[in-house]
Amino acid sequence: MIIDIHGHYTTEPQSLFAFRDKQLAGLIDATRKPTTNDLGITDEQLEQSVQRQLAFQKERGSDITIFSPRASGMGHHVGPEWVSQEWTRMNNNLIHRICSLLPENFIGVGQLPQSPGVDPRNCIPELERMVNELGFVGVNLNPDPSGGYWTDPPMTDRYWYPIYEKLVELEIPTMIHVTGSCNPNFHATGAHYINADTTVFMQLIQGNLFKDFPTLKFVIPHGGGAVPYHWGRYRGLSMMMKKPPLVEYLMKNVYFDTCVYHQPGIDLLAKVVPVENILFASEMIGAVQGIDPETGHYFDDTRRYVDAAKNLSDEDRYKIFEGNARTVYPRLDAILKKRGL
Ligand SMILES: [Zn+2]
């Protein structure tokens, strides 16, 4: 079985965007507020909207996608907290509906109603709802709700502890995932995402978060940002800070995905990072669309790179495609086992 742990709903029906436009327009002019939270999207429209994802699953040979709302759409920096709360519930509900309609293909992961400077405790009711009521198996946590200005404390700060306590209690991992950038210095998917992945890994080296939360699991997407490429730098910095070797210090809790869109990147990831810490993912349909003229294949057809990585054994590939995901996402594993998978 091939589990793609990183897919976003990026083919949403137009009425979701129309709602968002009105929601934001309503902040300036109350008469432009949406009159209803019912988007009027039928089940048929929802199924229709994910046909491209289903076709890619079939073509590329992945079985199930862990599916979450569009990351750049979370927009935690936009509007006051209630806007984030309302918008988050709406997006999580859409994911839940798609996963209920197509349970063989999608399993849900949610977004949180974060807002810059607002106590993360306020996200807990939605976190509990998405796991206990919507059946989600994980959640995306934004380390920078300001959208590129990093105004909240580092992820190792006690500020975030209420979220971590709840994640541990619910037995779900979190993917560290920023949303759009409103800082013109940082292109969202080209710089802001990769910066955040790298930044959080370095914060984890500086702090000692997993001493307090030994079972907490962080998935750092986009191949771990710059970390695998600079593995020696991080090992060296860790040593200078008198921390234990990285593999024992962080790699019981931190996982990287395979959203690195070329063969040399995957070869390096598989060579540098323990295979137990690599999770298969494509982020389709996401950041990089289109066909690589050098290979003739889609950039985000990441299965090809894992299949072709020379230093991986069949057992390693099993771990990357399936085994590690079952360990990191115990609720996913339980659902699959219930289905006899
Ligand atoms: Zn993503």
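Me: Two strands pair if DSSP finds at least two bridges between them. With that in hand, which residue stands opposite Ile278 in β8?

Reply: Phe256 does. A caution before we go on: this is a predicted model, where local features need pLDDT of at least 70 and side-chain atom pairs count only at pLDDT 80 or more, while totals for chains, interfaces and linings use all residues. Residues are numbered from 1 along each chain as its sequence is written.

Me: And where do the element labels come from?

Reply: They are DSSP runs numbered from the N terminus: helices are H or I with at least four residues, strands are E with at least two. Here β7 (residues 254–257) pairs with β8 in the parallel sense, over two bridges.

Me: In what order do the sheet's strands run?

Reply: The order is β4-β5-β6-β7-β8, five strands in an open sheet with parallel pairing. The edges are β4 and β8 (278–279), each pairing on one side only.

Me: Let's stay with β4. Is Asn140 buried or exposed?

Reply: The general idea is to count other C-beta atoms, placed from the backbone, within 10 Å of a residue's own: 20 or more is buried, 12 or fewer is exposed, and in between is partly exposed. Asn140, in strand β4 (residues 139–141), counts as buried because it has 23 such neighbours.

Me: What is Asn140 in contact with, beyond its neighbours within four places in sequence?

Reply: Contact means that the two C-beta atoms, placed from the backbone, lie within 7 Å. For Asn140 the list is Ser68, Ala71, Val109, Gln111, Met175 and His177.

Me: Now helices. Why would buried residues end up on one face?

Reply: An α-helix has 3.6 residues a turn, so residues three or four places apart point the same way. In α4, the buried residues include Trp87, Asn91, Leu94, Ile95 and Ile98. Seen down the axis, the buried residues of α4 fall within an arc of 155° (taken from the directions from the helix axis to the C-beta atoms), so they line one face. Their cover includes β1 (3–9), α1 (14–28) and α5 (124–132).

Me: Any backbone oddities? Which residues does the cis peptide bond join?

Reply: Met284 and Ile285, with omega about 0°. Ile285 sits in the loop between β8 and β9 (291–292). Glu283 is also found in the loop between β8 and β9, and has a positive phi of about 60° although it is not a glycine. With 25 C-beta neighbours, Glu283 counts as buried.
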